[in-house]
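I am opening a fresh page on this structure. My plan is to go through the sheets, then the helices, then the core.

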Amino acid sequence: MDSWSSLAAGEQLVLESLFWSKAASRNELALRLRQSKSKANTVVAALIAQGLVAEVGHVLHGTGRPAEMLRISDTLGVLLAIDIGATSMSVAVLTPNMSILALHSEEVDVRDAQQGPTVVLARARTLALTLLERRGKKASDVLAIGIGVPGPVNMESAQLVNPPLMPGWGDFSIRDFMRDSFSAPVFVDNDMNIRAIGELRQLHRSVSNFLVVKVGTGIGCGIVCEGKIYRGATGSAGDVGHICVDINGPRCHCGNVGCVEAMAARPAVERLAQEAMERGDSEALQRHAGKEGALDLAAVGAASREGDVVANRIIQRSGMLVGQMLASVVNFFNPSHVFLTGSIVTIGPLFLAAVRQSIYQRSLALSTRNLHVQYTSLGDTGGITGAGVLAMQELLKSGRLRP
Ligand SMILES: [Zn+2]
């Protein structure tokens, strides 16, 4: 045995309940766990004595005595969250209750065979140590590390499995690499699954069947089915980017034609805007172009907010195609919510309106009767929050928290 102590089953239940919900009083906790108040109180007292649970102020309920609220103690340590996308990476230090203490994002290219896992992960490790230091923390303060990657993952081994986008990452041991700097356990999952699990905690598990759809460099989807992440038979569930939305569409990098990713993701939006600008169709796009006359998503969004017809048409087309793909998915899966995330959400409300319109037009009335389509409330921290939730969830499951 090392210095990590195992939790009793009752303690684990209380901690998991506190983690997945808002702070709770002792009575709420007993009710939620279907335990007697005295039993719950005994467990809570033991957890407080160990420094695992903290009292965080009172809440008044009607005319009764104010109830002391409980949550997992923030003095326990910190979590490291690493969200690796196809073209960017974010590293953050979080409290056990998912407050972000420090965050840094920068561009990386995991598709570049010259970089590979050792370059990208070494950078992540350096950033993590810098962020910890900035908050006066050490590597030994880290309770667990959660990492999201844009490819299929074997969670047991924390390794990627034949990732189509990431040369050199298949069978590379992320755990061994991180172990050089951190003794904390490392958990890895697909970047869409971590977004889904982050959303699930944000919602305090109040929604059981939903999708998190990311539109950025590519298009992907995380699935929560009956309150759990759904991964599919071989871990590739939610790979919606290559659903065909136009049989006469352009060729996609996957080899097929008319994939929604090739036609509606960020590169397609930027390319169409660039072409329109170069044809002289839009004065607004010209004004928002960068130094070398290049247009990015922010520029297209800015032109759209000024009412530029060309920018609006491009955004609506992208939203319509994403909605067309989602209509089929919604008919098949019947979720109550679809949360949109990724860089496309920065483009403004027009994209969301087009997605909604397209889904409602094409889906069966029964599947859309109670369907909510909205941008995620986590904004661009969805990946980081999700990686943190993954780390904390797996740590709690293992029952091995620091004494
Ligand atoms: Zn494709």
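**Entry 1: the three-stranded sheet.** I started with an open sheet of three strands in the order β2-β4-β3, paired antiparallel. Strands here are DSSP E runs of at least two residues, helices are H or I runs of at least four, and both are numbered from the N terminus. Two strands pair if DSSP finds at least two bridges between them. β2 (24–25) and β3 (53–59) are the edge strands; each has a single partner strand, so one side of each lacks a neighbour in the sheet.

Before going on, I noted what I am looking at. This is a predicted model, where local features need pLDDT of at least 70 and side-chain atom pairs count only at pLDDT 80 or more, while totals for chains, interfaces and linings use all residues. Residues are numbered from 1 along each chain as its sequence is written.

Back to the sheet. Two bridges link β2 to strand β4 (residues 67–72) in the antiparallel sense. Opposite Ala24 I found Leu70 in β4. Helix α1 (residues 9–20) lies across β2, β3 and β4, at about 95° to β4. Axes are lines fitted to C-alpha atoms, for helices over the stretch in contact, and angles run from 0 to 180 degrees between N-to-C directions. Contact between two residues means C-beta atoms, placed from the backbone, within 7 Å.

**Entry 2: the domains.** I checked the domain assignment next. It gives domain 1 (5–75), domain 2 (77–199 + 382–401) and domain 3 (200–378). Such bounds come from an automatic or database assignment. The centres of domain 1 and domain 3, taken over C-alpha atoms, are 41 Å apart.

**Entry 3: the five-stranded sheet.** Which order do the five strands of the other open sheet take? The order is β7-β6-β5-β8-β11, and the pairing is mixed. β7 (100–107) and β11 stand at the edges with a single partner strand each, so one side of each has no neighbour in the sheet. From one strand to the next, the twist averages 15°.

I then went through the pairs. Strands β5 (residues 78–84) and β6 (residues 88–94) run antiparallel and share six bridges. Ile82 stands opposite Val91 in β6. β5 and β8 run parallel, also joined by six bridges. There, Asp83 faces Gly148 in β8. Strand β8 (residues 142–149) pairs with β11 in the parallel sense over five bridges. The bridge partner of Ile145 in β11 is Val186.

Two helices lie over these strands. Helix α6 (residues 191–202) crosses β5, β8 and β11, at about 100° to β11. Helix α14 (residues 382–398) lies across β5, β6, β7, β8 and β11, at about 130° to β8.

**Entry 4: burial in β8 and β11.** A residue is buried if 20 or more other C-beta atoms lie within 10 Å of its own, exposed if 12 or fewer, and partly exposed in between, with C-beta atoms placed from the backbone. Eight of the eight residues of β8 are buried, so β8 is largely enclosed by the rest of the structure. Strand β11 (residues 186–190) has five of five buried, so it too is largely enclosed.

I picked Gly146 in β8 for a closer look. Is Gly146 buried or exposed? Gly146 counts as buried because it has 31 C-beta neighbours inside 10 Å. Opposite Gly146 in β11 is Phe187. Beyond four places in sequence, the contacts of Gly146 include Leu79, Ala81, Ile194 and Ala391. Ile384 is 238 residues away along the chain, yet its C-alpha atom is 8.7 Å from that of Gly146.

**Entry 5: α11, α12 and the core.** The largest nonpolar core has 117 residues; Ile145, Ala273, Leu285, Val300, Leu326 and Ala391 touch the most other members. Helix α11 (residues 309–333) gives the most to this core, eleven residues. A nonpolar core is a set of buried Ala, Val, Leu, Ile, Met, Phe, Trp, Tyr and Cys residues joined through C-beta atoms within 7 Å.

α11 has 25 residues and reaches 35 Å from first C-alpha to last, close to the 36 Å expected at 1.5 Å a residue. The expected span is 1.5 Å times one less than the number of residues. Just after α11, Asn334 takes a positive phi of about 50°.

Helix α12 (residues 349–362) has buried residues including Phe351, Leu352 and Ile359. Their cover includes α11, β15 (337–341), α13 (365–368) and β16 (372–375).
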